[in-house]
Amino acid sequence: MQFFIEVLIGGLLSGVMYALVALGFVLIYKASGVFNFAQGAMVFFAALTFVGFQEVLPGWLGLEADSSAVFWLAFLLAFIAMIVLGSLTERIVLRPLVNQPHITLFMATIGLTYVIEGLAQMTWGATVRGLDLGIVDEPIAWLMDNYEIGVSKFDLFAAGVAASLVALLAILFQYTKVGRALRAVADDHQAALSIGIPLQTIWRVVWAVAGFVALVAGMIWGARNGVQFALTFTALKALPVLILGGFTSVPGAIVGGLIIGASEKLAEVYVGPFVGGGIEGWFPYMLALAFLLVRPEGLFGEKHIDRV
Amino acid sequence: MLYREAGQFKASYAEDARIFPIRQDRIGFWVLMLVFGVAVPLLADQYWLKAILIPVLIFSLAALGLNILTGYAGQLSLGSAAFMAVGAFAAYNFILRIDGMPFLVALVLSGATAALVGILFGLPSLRIKGFYLAVATLAAQFFIVWALVKFPWFSNNSSSGVVTAQDVTILGYTFASPEAKYILTFLIVVVMALLAKNMVRSSTGRAWMAVRDMDVAAQVIGFRLMRTKLLAFAVSSFYCGVAGALYAYTYIGTVEPEAFNLDLSFKILFMIIIGGVGSIMGSFLGAAFIVLLPIFLDNFVPMIFGQSLGAGFVSNFQLIVFGGLIIFFLIVEPHGLARLWQIAKEKLRLWPFPH
C-alpha cells in the first residue's frame with residue numbers, strides 16, 4: 001500500500017510537470033486556434049536561453065555567478081527573448097497564414113519547431129547543461145520518517161510553481177482588461193475584432209504568455225533532467241494530456257496532467273513488467289484514446305455541434 | 001496554342017472516362033514513363049538511383065497513402081511511418097516464415113497486414129475528429145514501434161531489432177543491381193498510383209471527399225460513415241505498408257523499427273502539404289521536394305559559408321533553413337506545388353493570347 005501511494009504521488013507530481021507544458025499549448029490554441037507544435041521547442045529554447053544568460057552574465061557585469069541578481073536578470077532576459085520570439089512568430093509566420101486551414105497552421109508550427117531548435121543550439125551550443133534552482137531532489141524527511149512514503153521535495157516544489165502559475169493565469173484572464181480581451185478573442189475572433197479588440201496585439205500577448213509558461217516549464221524540467229535537446233520531447237508528453245483534458249481548457253490541462261502522470265507511473269510499475277516494460281511512451285496515448293471514445297471533446301473541451 | 005482540348009471530341013463513354021482527357025496530357029504521361037522508366041535507369045549513375053530516385057519513389061507511395069487518408073478522406077494522421085514499419089516487418093516475416101513465398105505476393109500481403117492494423121487504429125476516427133484524431137493516431141505511431149522493438153518474434157529474435165531484407169527474387173530473377181531495383185520500384189509505384197487515381201475518381205473517392213467536406217452532411221445523404229472512413233484508413237495503410245516493404249527491400253536493405261519514427265511521419269505529412277493536399281501528382285512533387293531539400297542543403301550550405309564552420313553550425317543552419325523553407329512554402333502557396341502546376345496549365349491553355 002505504501003508503495004502504491006508512493007508511486008501514485010510520484011505520478012501525480014510528474015503529471016504536474018506535463019500539465020505545465022500542456023498549459024502553453026492550451027493558451028495558444030484557445031486564443032488563435034493554432035495547434036502549436038513548437039511549444040516543446042519553445043520550452044527548450046527558453047531553458048537554454050536562461051542557462052546561457054546565467055553563464056555569460058557574470059562575465060559581462062562582474063557579478064558573482066550564483067548571486068540572485070544573476071538569476072533574476074537571466075530570468076528577465078530569457079522572458080524578453082521569449083516575447084521577441086513570440087512577436088516574430090506572430091508577424092512572420094501567423095499573420096501571412098491568417099484564415100488558412102488548421103492543418104496548414106499546424107504544419108507551419110512544425111516548421112517553426114525546426115527553426116527554433118536550430119536557433120537555440122546555434123546561439124548557445126548543444127552541450128548538456130545543469131540548471132540549479134536551489135531545491136534538492138530528495139525525499140521529504142518528515143513523511144519518510146512517519147509514514148515511510150518517499151515524496152521528492154523537488155516534485156512538490158514543481159507542483160507549487162505550477163499551482164501559482166495557474167493562479168496567476170486565472171487572475172490575468174479573469175480580472176484584467178487584457179484578460180477580458182483574450183477571452184473575447186478565444187470566444188469569437190470576428191466578434192472580438194468587430195468591437196475593436198486588436199487581434200494581432202492579443203495574439204502577441206498570448207504568445208508572450210505561452211513563452212513565459214514555456215520558460216517556467218523549461219526551468220523546472222531543465223533542473224530535473226538537465227537542459228538538453230530532449231526537452232523538446234516534452235511536447236510529446238503534453239499531447240495526451242491535451243486531448244484528455246480538452247484543447248481549450250486550462251483546468252483540463254491540469255486535471256489531464258494529473259490523470260496521465262498518475263496512471264502512467266502506475267501502469268509502468270504494475271503492468272509494465274508483464275509486457276517487457278517501456279510502456280511509458282505509448283500508454284498515455286492509449287489511455288487518452290480510450291477516454292476520447294467516451295468523451296470525444298476531452299474532459300473539459302467545448303462540445304462541438306455540427307450544423308449542416 | 002500547344003495545350004488545349006479544342007478539337008478533341010469524345011466519341012465514346014470509354015473516351016469520356018479516361019484518366020487523361022486531353023491528348024497532350026497523355027503524351028506527357030508516356031514521355032514521363034519513357035524518361036523515368038527507360039532513360040533514367042540507363043543513364044543515371046548508382047548514387048542517383050540509390051540515394052535519390054528510389055527513395056523519392058518510395059516516399060511518393062507513402063505520401064500517396066497519407067494523401068488518400070488526409071487529402072481525400074479528411075482524416076489527419078500522424079502515424080504513417082508506423083504503418084510503413086508494419087509493412088516492412090510483415091513482408092520480412094512472410095518471406096522468412098513461408099517457404100517459397102513470391103515477393104510480389106508478400107508485398108501485397110504486407111500491405112494487407114498494414115491495412116488491417118490501419119483499420120484497427122482507424123476505429124477511433126468514428127468518434128474523434130480533427131486534432132484530437134491526429135493526436136490519437138500518435139498512439140499508433142508509438143505503440144507499433146514499441147511492439148516491434150519489444151517482441152523479438154517480429155525481427156526473428158535479432159538482438160538489436162534490426163532485420164536484413166532477403167533478396168528480391170521474382171520468377172527466378174534476382175533484383176540485385178540498383179537499376180533493377182529502381183525499375184521494380186518504379187513499376188510498382190506507377191501501377192499503384194494509377195490505381196489510386198482511378199479510386200479517387202470513382203464512387204469510393206467521391207464518398208471520401210463528401211466525408212472530408214462535411215461528414216454529417218455526407219451521412220445525411222446516405223454515405224455510410226463507418227465504411228467510408230475505415231476504407232480510407234485501410235487503403236491508406238495498404239499504400240504505406242507497401243511503401244514500407246519497398247523501403248526495406250529496394251532501398252535500405254536493413255531496417256530497424258526506430259527508423260520509422262515520428263520524424264518520418266512528419267516528413268510524409270510535409271510531403272503532402274508541400275506537394276498538395278488532395279492531389280495524386282502532389283504526392284510525387286512533395287516527396288521529391290522533401291527528399292531533395294536536405295541533399296541540396298548538404299551541398300549548398302558548405303558552399304556559401306566555406307568549410308571553415310563547424311559541423312554543429314552547419315547542421316543547425318540546415319535545420320533552420322529546412323523549417324524556414326517549409327514556412328515560406330506554406331505562406332507563398334498553401335495549396336502546394338500541385339496547385340502551381342494547375343495554374344501553369346490554365347495559363348498554357350490561353351497562351352499566347354491574353355484571354
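Okay, helix packing: in this predicted model, helix α8 of chain B, residues 203-213, packs against helix α10 of chain B, residues 225-252, at about 105°, with the axes 10 Å apart. Axes here are lines fitted to C-alpha atoms, for helices over the stretch in contact, and angles run from 0 to 180 degrees between N-to-C directions. Helices are DSSP runs of H or I with at least four residues, strands are E runs of at least two, and both are numbered from the N terminus. So α8(B) and α10(B) come out roughly perpendicular, a label that covers 65 to 115 degrees.

Who makes that contact? From α8(B) you get B:Thr204, B:Ala207, B:Trp208 and B:Val211, and from α10(B) B:Leu225, B:Thr228, B:Lys229, B:Leu231 and B:Ala232. Contact means C-beta atoms, placed from the backbone, within 7 Å. By class that's six nonpolar, two polar and one charged; Ala, Val, Leu, Ile, Met, Phe, Trp, Tyr, Cys and Pro count as nonpolar, Asp, Glu, Lys and Arg as charged, and the others, Gly among them, as polar.

Quick bookkeeping. Residues are numbered from 1 along each chain as its sequence is written, with chains lettered from A and ligands numbered from 1 in written order. Local features need pLDDT of at least 70 and side-chain atom pairs 80 or more, while totals for chains, interfaces and linings use all residues.

Zooming out, chain B has 14 helices and four strands, and its C-alpha atoms fill a box of roughly 65 × 60 × 45 Å along the principal axes. Of its 355 residues, 46% count as buried, meaning 20 or more other C-beta atoms within 10 Å of their own; 12 or fewer is exposed, and in between is partly exposed.

Now the chain-chain side. On chain B, 36 residues are in contact with 37 residues of chain A. Helices α6, α9, α11 and α13 of chain B each supply at least two residues of that side, and α13(B) gives the largest share, 13 residues. The class count for chain B's side is 30 nonpolar, four polar and two charged.

Last stop, the end of chain B. B:Leu348 sits in helix α14, residues 337-350. Is B:Leu348 buried or partly exposed? Partly exposed, because there are 14 other C-beta atoms within 10 Å. And B:Leu348 is 345 residues from B:Tyr3 in sequence, yet their C-alpha atoms are 6.0 Å apart in space.

Note on methods. Angles under 35 degrees count as roughly parallel, over 145 as roughly antiparallel, 65 to 115 as roughly perpendicular and the rest as oblique. Two residues are in contact if their C-beta atoms, placed from the backbone, lie within 7 Å.
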